[in-house]
Structure formats: structure tokens, C-alpha cells
Amino acid sequence: MDAIVRFQNVHIDYPLKKYTLHAVSDVSIDIARGKITALVGESGSGKTTLSSALIRCISEPGVIASGEILFCGKDEEPIHVEKLTEKELQSFRWKRVSMVFQAAQSALNPVMTVKEQFLETMEEHGDTSPAAQKENRCKELLEYVKLDPDRILKAYPHELSGGMKQRVMIAFSLLLDPDLIILDEPTTALDVITQSYIFSILKEINREKGISMLIMTHDISIVAKFADYVGVMYGGKLMEFGAVRDVFKKRRHPYTEGLIGATPSIIHDISAIKPIEGTPPDIMNLPEGCVFWPRCVYFEERCRQQEPDTVVYPDGSKCKCLLEGR
Ligand code: ADP
Ligand code: MG
């Protein structure tokens, strides 16, 4: 795979007063250039922590404890993101990688029009082009996300629906023409129709502009429909990774199988839906051995004693389970 980003043995900690929380443990994952990669997993599994490390915006007091995060531009030496200085980060963010944070819609300033916010952001990033040129750029970006520029530019955030605000935020993320955009649960607060519409817009931007995307979601059916690759996280670890068709068809990891089995729009017979029993792991108190064993329907005694290695398959997929081939 031609990777634009390589996370290699990444550990991310939140050092708290009395203890240190290991939010991401030893994750190695490649993000494919020009493709859509999704990260799935229950809330608290480390998706936001891992992806925000890519622009070094982990929330306080998070730190990359060890590992490497390589950004591989075309025809250039890989950039070691974990080593960038604050000054280097300023030009790396937005220009190479931009991020639409979770609940980004509420990040719009309520007392400024969309146009004022676009222009302000452009100026902050040193854009000194004439006003008419800037405005044309705004219009172009709003058209990418299927919004009517004449109406939207003069609107205040309260005049827009949730889906429209989210599309404005996506347009924002494209402002400096990044190579990769990260979208953290971009449609969680929206209705199903709007969700699907936004994903089809993202897919179109991905295809037409060749922008790589890393999307966090807990909606497996969206992943099946729109993503090329998928990583499955649990308790801060990467349990499975691969091309969507391989991961969903082969269901190598019992947790992946559980996630798929719990998704109504993939399992067509509603009576066959089975939620994963038990509760997500307490990250401060992870079980010995495989982190998933207490909830695993295939549990064997050895799962409790030994942490599984990550097995890499000929199709390029990876899976962290002792019972592979079960
Ligand atoms: P996800 O995005 O998959 O829901 P997160 O990356 O937000 O997961 O969280 C991973 C773990 O890190 C969780 O246990 C969460 O409580 C913890 N965590 C996230 N942000 C902070 C923070 N700023 N301080 C302390 N712990 C945090
Ligand atoms: Mg999150």
C-alpha cells in the first residue's frame, strides 16, 4: 500500500495526578494515500487520541510517549510528526493535514457571518490575495460541499441547519488544500439522511481531488459503504486492520464480528442483531492477556494468559487474536 501516514508502535499517555492513563498502546497503522480510511470502535477506544496526534493536537495533558508518526509526502523525505517544532507545526497543520474536530459545528462563531469567518481564517494563515480572489476561493469551496455560496456566505451560523454547518466546517478544512483531512465523527449529531449525504460529498471530494481521508465513526454501515480501509480499535489497541471488503467479509477478529453483528443495516434480518455482551473496558484496569477476552464469545483459557501478537496476512490485513483461524 502507498501510505501517506505511518503510525509505528505509537503509545499515547495522559499523565494524570495519581496515575498515567495509557489511551493508545502500541498502535501501528498505515493510512493509504488518496483513499478513505475509517477508524471504528466503541467510545473511549482511543480513536480521537490517535488521530489528533497526527497534527499534535492531543488534548491536555496527553503526550506521545513513544513511537513514530511519519507523514510521507510525494517525492520528499518522510516528516517525523512527533519531532516537529511548534513553528514547523504551524505550517504542517492545515496545509498538509487538517482536522474537523468532533462537534465542529459549534466551533463556528455565532456573531460572524460565514464569509467573515472564512476571510479571517485565510488572513490568519497569511493569505494576502485581493478580496475578490479570496471570495472566489470561498465560493469554490462551498460549491464542493454542495452549498449555495451566495446564500451561505452572508448567513450567520444560527441560520444554518446542523448538516449545513458541518458542510461549512468541511469546506473550512479544505481551505489550504491539505493532502489529508481527519474527520472526527463528522455526522454523529445528524439525522440518517443528512449523514449519508455528507458521506457521499466526502467521497466525491476524495475521488475528484484525491485528498486522503481519515474518518472516525462508530457507524459500521457507513464504513461498509464509503471507506476503503478500516481499523478497529478496542481499549487503546488496534485489533484489526485491512481493506474494508476483507475485514468485513473475513471477520477475523471476534470484536469485529461483534460490531458487525450489532449493526442493523448490515444484518438484514432484524431478529439476528446481537449486541456485544458486557461493557467497554476500563482503560485504567485492562484485563491481562487479550483486552477483549472478558466479552469474547470464543474465549479460551490461553486468551487470559497471553497477549496476542499482531498477525499480518497475505492480503495485507492485520489481526490481533490468538484464535485466528477459529
Ligand atoms: P474515542 O475517540 O475512541 O472515544 P478517546 O481517544 O477520546 O477515545 O479516549 C481514549 C481514552 O483516553 C479514554 O479512556 C478517555 O477517557 C481518555 N482521555 C481522552 N482525553 C483525555 C484527557 N484530555 N485527559 C485524560 N484522559 C483522556
Ligand atoms: Mg472520539
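## Reading salt bridges in a predicted model

Analyst: Let's start with a pair you can find yourself: Lys250 and Asp315 join their side chains in a salt bridge, 2.8 Å from N to O. Keep in mind that this is a predicted model.

User: Okay, but how do I know that counts as a salt bridge?

Analyst: You check the gap between a side-chain nitrogen of Lys or Arg and a carboxyl oxygen of Asp or Glu, which has to be within 4 Å. Lys250 and Asp315, at 2.8 Å, make the cut.

User: Where in the chain do Lys250 and Asp315 sit?

Analyst: They come from distant parts of the chain, 65 residues apart. Lys250 belongs to helix H9 (residues 244-250), while Asp315 is in the loop between strand S11 (311-312) and strand S12 (318-319).

User: Are Lys250 and Asp315 buried or exposed?

Analyst: Buried means under 20% relative accessible area and exposed means over 50%, so anything in between is partly exposed. Lys250 has 38%, so it is partly exposed. Asp315 is partly exposed too, with 31%.

User: Which side chain does Lys146 meet in a salt bridge?

Analyst: That would be Glu204, at 2.7 Å from N to O. This pair also links distant parts of the chain, 58 residues apart: Lys146 is in the loop between helix H4 (131-144) and helix H5 (149-153), and Glu204 is in helix H7 (residues 192-209). Lys146 counts as partly exposed because its relative accessibility is 37%. For Glu204 the value is 32%, so partly exposed again.

User: How many salt bridges are there by this rule?

Analyst: The count comes to 19. One of them joins Arg302 and Glu300, whose closest N and O atoms are 2.9 Å apart. Arg302 is partly exposed at 38%, and so is Glu300 at 36%.

User: Which residues are linked in a network of salt bridges?

Analyst: Try picking out Lys115, Glu135, Lys139 and Asp150, which are connected that way.

User: What about Gln305, what does its side chain contact?

Analyst: For a polar contact, you look for a pair of N or O atoms within 3.5 Å. The side chain of Gln305 makes one with the side chain of Glu301, at 3.4 Å. Gln305 is found in helix H11 (residues 301-305). With a relative accessible area of 60%, Gln305 passes the 50% mark and is therefore exposed.

User: And how far is Gln305 from Asp315 in space?

Analyst: They are 29 Å apart, C-alpha to C-alpha, with their positions ten residues apart in sequence number.

Terms used:
Residues numbered from 1 in each chain as written. Chains lettered and ligands numbered in written order. Predicted model: local features only at pLDDT ≥ 70, side-chain atom pairs only at ≥ 80, totals over all residues. Heavy atoms only, no water. Helix = DSSP H or I, 4+ residues; strand = E, 2+ residues; numbered from the N terminus. Buried < 20%, exposed > 50% of the residue type's maximum accessible area, 1.4 Å probe, protein only. Polar contact = N/O pair within 3.5 Å; in protein donor to acceptor, adjacent residues only side chain to side chain.
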